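The following note is meant for a colleague who is meeting this structure for the first time. Its points may be read alongside the sequence and the coordinates.

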Amino acid sequence: MATTVDRAQSVAARAPRAGIRIDAGKLFTHLALLILVALWTFPTAGLLISSLRDKDQLAVSGWWTALTTSTSQGVTRIGTADAQLEEGGKFVIRGNVFGTDTNKQLAGFGLTNGEPAAALPGASLPMKEGGTISVSASGAFEWVNDTRFEHTRGPRIFYVAGIAPRFTLDNYIEVLTANGVGRSFINSFTVTIPATVIPILMAAFAAYALAWMRFPFRGLIVAVVVGLLVVPLQMSLIPLLSLYNGIAQTFGAEDGKTYLGIWLAHTAFGLPLAIYLLRNYMAGLPKEIMESARIDGASHFKIFTTMVLPLSFPALASFSIFQFLWVWNDLLVAMVFLGAQESKLVLTGKLVSLLGSRGNNWEILTAGAFVTIVVPLIVFFSLQRYFVRGLLAGSVK
Amino acid sequence: MTDIIEQVFGAIVAIVIALGGCVAFFWGTNWLLDKFLSDSATDSGDTMTRRDTLRSQIRPWLFLAPALLFLSVYLIYPVIETFRLSFFDKTGRDFVGFSNYVWLFGDGNFHQAVFNNILWLIIVPSLATAFGLVIAVLADRLWWGNIAKSLVFMPMAISFVGASVIWKFVYDYRGDASEQIGVLNALVTFMGLPPQAWITIPFWNSILLMIILVWIQTGFAMVILSAALRGVPEETLEAARIDGANGFRIFFDIMIPQIWGTIVVVWTTITIVVLKVFDIIFAMTNGQWDTEVLANLMFKWMFVNFDYGRGSSIAVVIMLAVLPIMIWNIRRANAEEGTR
């Protein structure tokens with residue numbers, strides 16, 4: 001109580017002098033953090049906004065201009081002589097240079113690549129095939145000639161058009177259906193769920209033994225688990241691949257790349273962290289409860305299944321989230337043990353293959369990337385508490 | 001369509017079998033142990049004690065068996081085997097002594113990869129830890145600090161490949177004449193400078209790739225350091241404030257020394273991530289334009305050239321780089337064990 005009063009008094013005494021300086025410091029803190037958070041957020045924001053933009057706009061203007069009208073150049077081939085109509089002694093070909101696009105506004109048109117905006121909307125230009133053409137702002141054109149059209153190949157019309165801002169889910173529909181991302185999405189789930197579930201019980205039993213049972217070599221096993229936590233995956237790949245291929249040959253399969261193989265691999269790679277996290281957590285459970293249960297004659301098996309396992313729920317949740325995110329986001333293990341075959345690609349592998357084949361089609365890449373990161377983001381934001389707790393248990397200890 | 005249903009069904013079956021198998025193993029062995037080594041009224045005292053001891057000697061190993069089996073097959077055996085293979089030829093059949101290592105130390109790509117890995121090791125952990133620390137300190141003083149922390153933490157959930165696409169979009173280059181849709185080039189042209197194909201400019205492209213990992217790992221550093229900062233006793237800060245220390249003095253002279261141990265842990269954890277970094281380079285450049293790193297080089301020798309000997313020798317180099325941290329971790333864990 002006394003200290004509270006003291007502090008209040010000292011603050012009151014300093015306030016008149018220091019007031020302005022403190023506010024400036026606070027303002028600086030707000031500003032500095034705001035800039036840092038903006039830096040950390042805007043790359044993802046750019047991706048998300050871009051994935052929702054019209055693909056023509058995305059290709060010609062930055063995502064930060066998404067709400068303004070952008071201009072683009074285009075070219076279209078207009079009708080041949082077959083499309084002509086005879087009206088009042090003149091011959092006419094009509095149509096729209098934008099085709100079926102309705103969100104474009106013509107800014108100018110021309111007949112050569114060098115001068116795509118030679119004439120304003122509504123003006124006329126002479127055509128070398130004969131007659132004159134005029135294009136209105138909506139893109140509708142009218143090509144009028146005194147004599148019958150004879151050409152068999154439609155001439156090209158170049159134009160500059162403004163595109164009104166447009167947001168659409170078309171990019172998503174395209175990547176999910178036409179580009180096989182939908183299939184990869186299912187593959188990712190197929191890999192991730194079993195690889196997350198399988199190690200839990202195994203690790204929990206081992207963790208309990210290492211935390212609460214006394215037996216020779218316990219210290220050594222703990223040390224091995226801690227050591228395995230940081231062993232580079234690269235050390236495992238070649239021998240395991242040979243092993244898998246050997247087993248596949250024995251059974252007459254063409255290669256060792258199966259879902260079963262990758263589930264077991266991920267299970268094993270997740271075990272050191274699982275055992276370490278769970279053991280730390282279980283070791284922190286109150287000793288008195290364990291001992292009194294022992295004295296009452298409960299076996300280790302009973303203590304584990306009825307008391308420790310339910311009490312360890314937060315640690316189990318932490319590990320499950322880690323394992324889920326790690327398996328979902330993994331590229332290396334999937335490429336090695338599942339292969340690059342189109343029908344078996346997981347989302348990360350699919351994204352890499354899109355980067356190679358569609359490297360400049362940002363509408364495909366942005367939407368594809370967002371599909372791959374949306375599931376971990378949902379898991380992450382809804383279960384952040386457990387995730388943070390697991391991180392703290394895994395490294396501060 | 002049918003193969004998708006088959007695949008999903010297979011996954012469900014696998015979960016059921018795996019869980020069922022685990023349950024059956026643990027309950028089954030426990031039951032067997034109690035049944036065949038149980039006490040009965042007719043036994044003498046000596047026999048009962050002997051059986052009790054035997055049971056308590058066997059039980060821990062039953063608890064550990066499946067985990068130990070997996071760890072042995074998937075981690076311990078491969079580590080030994082990779083060491084062995086690094087002394088063998090392409091196919092792993094003929095012993096070639098140190099020739100893989102001799103080749104490796106004379107290889108230009110390896111030099112490039114080692115140089116880049118060292119650069120990564122210096123830059124990424126230091127920047128991620130520094131940014132994490134600054135953000136943790138700033139956020140803990142503001143009412144919207146938790147929202148800020150969530151947003152900075154978010155990249156932790158994104159895959160390295162997803163992050164690569166996000167940043168490739170930032171670094172995108174579209175030729176001098178057309179409008180730039182990458183933020184970096186838009187900024188550069190806004191300042192009146194010519195746009196660049198950033199990813200193809202040696203040295204700076206490596207830095208740009210490192211920024212991706214810094215962007216991901218800062219959230220990790222921030223969360224751990226933020227928790228450590230909360231453990232700094234309020235009295236020491238208050239005392240410093242009363243003595244008239246300003247914010248910077250408090251930060252450098254009081255906070256940092258008190259959380260030094262945690263800073264080291266964060267640093268080493270990120271160091272391990274950096275040593276293994278593969279996805280970012282594989283997705284962005286595949287080692288072109290002087291961006292090669294060890295993990296990507298190893299992947300090339302393993303899966304492009306199918307040379308298991310050379311691939312193994314590169315893996316061993318990565319392993320040796322990790323080794324000091326591994327030993328330090330084990331000693332730390334052992335020390336903790338002693339206090340328990």
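**Note on the helix packing, the chain contact and the domains**

1. Helix 7 of chain A and helix 2 of chain B lie oblique to each other, because their packing angle of about 120° falls outside the 65 to 115 range for roughly perpendicular and is not over 145, as roughly antiparallel would require. The two axes are 9 Å apart, and helix 7 of chain A passes helix 2 of chain B in a left-handed crossing. The model under discussion is a predicted one.

2. The residues that form this packing can be named on both sides. Helix 7 of chain A supplies A:Ala265, A:Thr267, A:Ala268, A:Phe269, A:Leu271 and A:Ile275. Facing them from helix 2 of chain B are B:Ala67, B:Phe70, B:Leu71, B:Tyr74 and B:Leu75. Sorted by class, this contact comprises ten nonpolar residues, one polar residue and no charged residues.

3. The contact between the chains as a whole draws 84 residues from chain A and 89 residues from chain B. On the side of chain B that touches chain A, helix 2 (residues 45-85) gives the most, with 17 residues. That side of chain B divides into 65 nonpolar, 16 polar and eight charged residues.

4. Chain A contains 14 helices and eight strands. Its radius of gyration is 33 Å, whereas a compact globule of 397 residues would have one near 21 Å. The C-alpha trace of chain A spans about 110 × 85 × 35 Å along its principal axes.

5. Both chains carry a two-domain assignment. In chain A, domain 1 covers 70-167 and domain 2 covers 172-395, and the C-alpha centres of these domains of chain A lie 59 Å apart. In chain B, domain 1 is assigned to 2-67 and domain 2 to 110-339, with 44 Å between the C-alpha centres of these domains of chain B.

6. A helix pair within chain B also deserves mention. The axes of helix 6 (residues 160-170) of chain B and helix 8 (residues 204-230) of chain B come within 10 Å and cross at roughly 125°, which means that helix 6 of chain B is oblique to helix 8 of chain B. The crossing of these two helices of chain B is right-handed. B:Ala163, B:Ser164 and B:Trp167 of helix 6 meet B:Ile212, B:Trp215 and B:Ile216 of helix 8. Five residues of this contact are nonpolar, one is polar and none is charged.

Technical notes: Residues numbered from 1 in each chain as written. Chains lettered and ligands numbered in written order. Predicted model: local features only at pLDDT ≥ 70, side-chain atom pairs only at ≥ 80, totals over all residues. Contact = placed C-beta atoms within 7 Å. Helix = DSSP H or I, 4+ residues; strand = E, 2+ residues; numbered from the N terminus. Nonpolar A, V, L, I, M, F, W, Y, C, P; charged D, E, K, R; others polar. Domains from an automatic or database assignment. Axes fitted to C-alpha atoms, helices over the stretch in contact; angles between N-to-C directions. Parallel < 35°, antiparallel > 145°, perpendicular 65-115°, else oblique. Left-handed = near helix turned anticlockwise from the far one by under 90°. Rg over C-alpha atoms; globule rule 2.2 N^0.38 Å.
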